[in-house]
Amino acid sequence: MSTFIETQFPIARLSAESYKERKAGASQTLTGLGKWWGRKPLILVRASILGMLMPASSNPKKDREIYLKILTMDDAGAWDRCKPAVQRKTSRATFDLLPYAERIANCERPENVAGPSVAAWAEINAHLGTQAKSLPELVGQLGQRTFGHKPRVGDSFCGGGSIPFEAARIGCEAFGSDLNPVAGLLTWASLTLLGGGKAVQDEVRKVQESTFAAADQQITAWGIEHNDRGERAEAFLYCVEVKPEGCDYYIPLAPSWVISERHRIVATWQKVPGSNRLQPTVLPVSESEFKIYKDTKGATIVNSRVIDPFDANRSWSVEALRGSEGLRRWSNDDVVPRPSDVFQERIYCIRWMNAKGERRYAAPDAVDLAGEAKALELLRERFVEWQREGFIPSKAIPEGGDETARLYRERGWTHWHHLFTPRQLLVHGLISSLAHTKHRLCLPDAGRLANADSRLTMWNWRSVAGRGEAISQTFSNQALNTNFCYAGRGLIYIKPIIFDSTAISDATALATFDSFKVSCVDARDLRETCDFWITDPPYADAVNYHELADFFLAWYDKQLAKAFPEWIPDARAELAVRGDGEDFRRSMVEIYQNLTRHMPDNGMQMVMFTHQDPAVWADLGMILWASGLKATAAWTISTETSAGIKKGNYVQGTVCLVLRKRIANEPGFLDEVYPMVEDEVKRQIASMQALDEDGEPNFNDADYQLAAYAAALKVLTQYGKLDGKDVEHEVFAVRARNEKSDFQTVIERALGIACDTLVPRGLDASWRELSLVERYYLRALDIESRGERRKGMYEELARGFGVTDIRPLLKSDKANGTRMCTPAGLAASLLAPVHGVESNPAALPARRGRAGTGAPHPFAVSPLRHLMFAIRETAAADNSPEPGRQYLRDTFGQAYWGKREGFIALLEWLAALANAEGMTEWTTDSEAARILAGRLRNDHA
Ligand SMILES: C[S@@+](CC[C@H](N)C(=O)[O-])C[C@H]1O[C@@H](n2cnc3c(N)ncnc32)[C@H](O)[C@@H]1O
């Protein structure tokens, strides 16, 4: 029996919800606990589990209605989630008319409400034959029916823990595991703390409060954050400085010296007689002057060159300053640069706060500099002991990493603690020493602090939405970037980092999570059995988890070993699955074979991955096939950008591939498989089109293409062998470049079928008459007119139509800015008339493609080119259609009359292109096409 997700998935609504959740930034449920990369939206996990549990009935529309009710994503559910202020302003009828993405803009997220209404539960239970009043009850009852127990959901690559967390929250038994102990810690903490209910949260809060109070007392006693004006330092701004050859003073480095946009404050530098150090002044400037500073006035680092602040014509390259030998490598006990080092460090501004909460920016005075020196001294006194106890990092940064190599090269840093100022090490170390021994759940605090306060955290002077300046995270992207200026936090600014992470509303915790387990194991070695495995493997995702997580592991290190003696406190980089080569494929097959062994025959798997390149996923399909799985469905959810706006720009789709165990392993034969694939692709597309027809569009081009792949996989993966060839053997067979396996050929054929089934609206009548290149060109224009700009999609489409070189047809081939040529844009030579080609392609003169490709232009043999030429002629003749019409009549002779209707349809279609958003380039050619179409319509023999 099929489940809901094997027949349909509400892609548009789910994309909108996933996007909203991702955009919630800091108020996402789990992100507050600690940094992890590539987290999956909780709503997507919830929807997936429920879709795998809910049986499909013979009434798909009703199934969909009920499924949306369970998620509170039906019309009534969305309305109920609306904030009261919105409900007062809008009527339900008006609300329902809005596109879904707009409706939910002012709604609570589904995870933050108590669940379906009483009325909705009545309908859900009636349809499903259940007696549930809550999600955990429903999950329990559906699980009982299929598996005879509460469903057990596992994730072998659990990362930040989204999958086990959401599984536990809606009432499944949850299991999460990751190779990386930082991921293990975050997953365990999310389940234990957020799922522990108020009692656990209160207990942790108490420990955090007492730690904070003790740290506050100690820092006050040390006197390193207070001044004699009754103020306390909130933020410390540092910069690197260098003394290039020929310059007799140190130059402080910054790409901008603006400190506050809101208050128009900037730092300026003055020479000090008798000293080789410059003196900063921190003061507000006039509006007009501020504009110049914003425009990087006074910047001392521009395009990797150091600029003399007193003579803009003098500059030195940073590369050259580092010297041919590279920088001195810091040793473990270095916490600040040595006087002989190229790059020095200095503080140039402090943000103070008084008892009334008023802020003041000032350059540091002698007392403040003494405070800095004291912090260094206090740290030195504790350094050895704190490293031994693991309150501050002591690990070396692994050499040769993709991410970490630049730390050595750009700063000479060799140990993780080099990424922190003495003040940061002192304060973080103090907090760790006070907290760690008291509660395991305080461990992630150290990681959050490290992310919020390091030599890599930058000062953001911009005023965003009226809010003031802020300090960025260490990981503002997926890399460890060194900066020339950076900012550190005083204890009052550290407070929110510790405390604002554990908020969870009553509604969010649907129940206390009592059945979950977290481990830290290589996915090849897992021995747990789960009914559903939902995984998000590190597939070609370019994130070096093990290297990035080492930054945190350095802080957890010894404490983690004490708190979780069974875990290995190491990133075990050699076992991390990464890349997309042969080794990667082998590891993946091993892992998925293992998971498949550890699931019941009626169990299911979902493999999620966020793809940059749509082609990679056919490869993943092969891996899963070789692992003994068969595909039953695939859906793409847009998780990274607005799906409500179904535009291609920068959309990141997460593919959700649904799989079951291949039990029978029957042999199949390719010649039988082809027609089956054809039927399946057509059936799949027809069912999606039927769902698309009523109401909001649910699927876009990429979805249909993916569905075609999935349909092919569905047919193929039923078999263990095709024409006697074993799938595992095929996956690993050594092939010449561009040589395809038979299996790949079938998958590509499926795409071809899909491409042919999807005819742009209005072109049905003439479609069959067109050559493959013409169909490709028109379909590519079709997706362009709907906002698609990703190059991968244009290439994928080309594969479907069997077009090998699309370059001559592209106006732009930017990764996220791909566009097709207009008739005017296609080079004149390529459109010049070539008579007799249609009847005899061999008569084609040796026209060449673009610069050295050697291949003939793909349009050279296509009749559409004549139409394009006629459009150009029309436009060139100031929209007089005569030359264009005459050209067509001359070219086609008597055949013109038979082709005329088809020409008109095509011209009208091209004429409408300019109406689409973002297609202004078509204005001239579309108008010419419209006029020419009118002329052809009135033509008489
Ligand atoms: C894409 S992330 C998972 C993100 C997670 N789904 C979330 O929502 O936060 C992939 C994970 O696989 C882990 N990983 C890599 N190689 C592994 C292996 N051999 N065994 C187990 N986990 C591994 C990485 O540490 C990383 O956390």
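These legends go with close-up views of a predicted model.

**View 1. Strand 11 and its neighbours on either side of the pairing list.**
Let's start with strand 11, which covers residues 344–353. How many of its 10 residues are buried? The count is 10 of 10, so this strand counts as buried by the under 20% cut-off for relative accessible area. Strand 11 pairs with strand 3 through 9 bridges, and the two run antiparallel. If you want a spot to look for, find valine 240, which stands opposite glutamate 345 in strand 11.

**View 2. The hairpin made by strands 11 and 12.**
Now follow strand 11 to strand 12, which is made of residues 359–362. These two also run antiparallel, with 4 bridges joining them. One pairing to pick out is arginine 351 with its bridge partner, tyrosine 361 in strand 12. Together the strands form a hairpin, with 5 residues between them. Have a look at glycine 357 in the turn: its phi is positive, at about 85°.

**View 3. Aspartate 248 in its loop.**
Here we're in the loop between strand 3 (232–242) and strand 4 (251–252), where aspartate 248 is found. Is aspartate 248 buried or exposed? Its relative accessible area is 58%, and because exposed means over 50%, aspartate 248 is exposed. Leaving out residues up to four places away in sequence, aspartate 248 touches Lys243 and Asn276. Serine 275 is 27 residues away along the chain, yet its C-alpha atom and that of aspartate 248 are separated by 9.3 Å.

**View 4. Glutamate 261 in another loop.**
This view moves to the loop between strand 5 (258–260) and strand 6 (265–270), home of glutamate 261. Glutamate 261 has a relative accessible area of 18%, so it's buried, since the cut-off is under 20%. What does glutamate 261 touch, not counting residues up to four places away in sequence? The list is Phe290, Lys294, Trp461, Arg462, Ser463 and Glu469. For serine 463, zoom in on the backbone nitrogen: it lies 2.6 Å from a polar atom of the glutamate 261 side chain.

**View 5. The nonpolar cores.**
Last stop: the largest nonpolar core, with 132 residues. Which of them touch the most other members? That would be Phe9 and Leu419. Helix 21 (residues 545–563) supplies the largest share of this core, 11 residues. Apart from it lies another core of 60 residues, including Ala523, Val577, Ala631 and Ala710.

Terms used:
Residues are numbered from 1 along each chain as its sequence is written. This is a predicted model: local features need pLDDT of at least 70, side-chain atom pairs count only at pLDDT 80 or more; totals for chains, interfaces and linings use all residues. Side-chain values use heavy atoms; hydrogens and water are left out. Buried means under 20% relative accessible area, exposed over 50%, partly exposed in between (1.4 Å probe, protein chains only). Contact means heavy atoms within 4.5 Å. A nonpolar core is a set of buried Ala, Val, Leu, Ile, Met, Phe, Trp, Tyr and Cys residues joined through side-chain atoms within 4.5 Å. A polar contact is a pair of N or O atoms within 3.5 Å; within protein, one must be able to donate a hydrogen and the other to accept it, and residues adjacent in sequence count only if both atoms are side-chain atoms. Two strands pair if DSSP finds at least two bridges between them.
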